[in-house]
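Reader: I'm new to this one and would like some help reading it. Could you walk me through it, a feature at a time?

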Amino acid sequence: MKKVVLDFVLYLGDPDEGANALRSGAAIDAVGEHADKLKFPDVYGAIVFFDEQGNETCARKPDPIFQIVTNMVKAVPYVIEGEAETTLLSESENGLIFEPSGDDVHVSYFAGDAYEPDEFLQEPTSMSIADFGEQVLSMGERLEAIMKKIDPEIFERDDYTKSLQEFLEVGREAHKTFQLEVERGLRVQ
């Protein structure tokens, strides 16, 4: 099975004007010097796919990152339960499809209609459900950490942004239950 790594980047301004982007882990460390350019929830970012060597495997599609990551986190419990999920970008006809197959997930990035994509920016690539859940939930946690560093009270005063924390809690519980089922032999991994 080819290894795929999911992450996101944050743009330090308008991506259409060539703004620089920071990968999520680097953004946590550098948020202090770029806080004036990161006003959530309106920050642009992109989901990025990496191969085993750390190379990006498809084109970036900028979109408001809070919505994309939150919807991916929201999908985790459903994917664990065997349901296919789609996360659509809001400013283009692109999206991500997560299709469970046994205890693996086929992850793809498409252009066009989710049911009949015009093309795949990232061909369906398999990863284990455990790895998928961990990667997506970790992305959500990194986004939460970035937002807290910029505005420590953002989640207390805004129900829209608070949804990320709520979905993270539900997703972590579902992921933990899944891992316990695998450990106890109730589910094959």
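**Charged pairs, strands and a patch**

Author: Let's start with a charged pair: the side chains of Lys3 and Asp131 meet in a salt bridge, 3.0 Å from N to O. Keep in mind that this is a predicted model.

Reader: What should I look for in a pair like that, and why does the one between Lys3 and Asp131 tie together distant parts of the sequence?

Author: The general idea is that side chains of opposite charge can pair when their charged atoms come close. Here, Lys3 sits in the segment before E1 and Asp131 in helix H3, which covers residues 129-150, so the salt bridge joins parts that are 128 residues apart in sequence.

Reader: Are Lys3 and Asp131 buried or exposed?

Author: In between, as it turns out. Lys3 is partly exposed, with a relative accessible area of 39%, and Asp131 is partly exposed too, at 23%. The cut-off for buried is under 20%.

Reader: How many salt bridges does a search of the whole structure find?

Author: Eight. Another one of them brings together the side chains of Arg23 and Asp7, at 2.5 Å from N to O. Arg23 belongs to strand E2 and Asp7 to strand E1, so this pair links parts that are 16 residues apart in sequence.

Reader: And how accessible are Arg23 and Asp7?

Author: Arg23 counts as partly exposed at 37% relative accessibility, whereas Asp7 counts as buried at 5%. Asp7 and Arg23 also belong to a network of salt bridges that takes in Arg142.

Reader: Can you show me one more pair?

Author: Sure. The side chains of Arg60 and Glu56 form a salt bridge at 2.6 Å, N to O. Arg60 is partly exposed, with a relative accessible area of 30%, and Glu56 counts as partly exposed at 36%.

Reader: Now the strands. In what order do the four strands of the open sheet lie?

Author: To read a sheet, follow each strand to its partners. In this open sheet the order is E2-E1-E3-E4, with antiparallel pairing. Strands E2 (21-23) and E4 (63-64) stand at the edges with a single partner strand each, so one side of each has no neighbour in the sheet.

Reader: How many bridges pair E1 with E2?

Author: Three, in the antiparallel sense, with E1 covering residues 5-11. To find the spot by eye, look for Leu10, which stands opposite Leu22 in E2.

Reader: Which strands form hairpins?

Author: Look for paired strands joined by a short run of residues. E5 and E6 form a hairpin with five residues between them. Strand E5 (residues 85-88) and strand E6 (residues 94-101) pair antiparallel over four bridges, and Thr86 stands opposite Ile97 in E6.

E7 and E8 form a hairpin as well, with four residues between them. Strand E7 (residues 104-112) pairs with E8 in the antiparallel sense over eight bridges, and His106 faces Ser126 in E8.

Reader: Last one: which residues form the negative surface patch?

Author: For a patch, look for like charges gathered on the surface. The negative one is formed by Glu93, Asp113, Glu116, Asp118 and Glu119. Glu119 takes us back to the second hairpin, as this residue is found in strand E8 (residues 117-128).

Reader: Is Glu119 buried, exposed or something in between?

Author: In between: Glu119 is partly exposed, with a relative accessible area of 45%.

Notes:
Residues are numbered from 1 along each chain as its sequence is written. This is a predicted model: local features need pLDDT of at least 70, side-chain atom pairs count only at pLDDT 80 or more; totals for chains, interfaces and linings use all residues. Side-chain values use heavy atoms; hydrogens and water are left out. Patches are made of residues with over 30% relative accessible area and no salt bridge: like charges are joined within 9 Å, nonpolar side chains (Val, Leu, Ile, Met, Phe, Trp, Tyr) within 5 Å. Accessible areas come from the Shrake-Rupley method with a 1.4 Å probe; for residues, only the protein chains shown count as cover. A salt bridge is a side-chain nitrogen of Lys or Arg within 4 Å of a carboxyl oxygen of Asp or Glu. Lys and Arg count as positive and Asp and Glu as negative; His and the chain ends are not counted. The place of a charge is taken as NZ of Lys, CZ of Arg, CG of Asp or CD of Glu. Helices (H or I, at least four residues) and strands (E, at least two) are DSSP runs, numbered from the N terminus. Buried means under 20% relative accessible area, exposed over 50%, partly exposed in between (1.4 Å probe, protein chains only). Two strands pair if DSSP finds at least two bridges between them.
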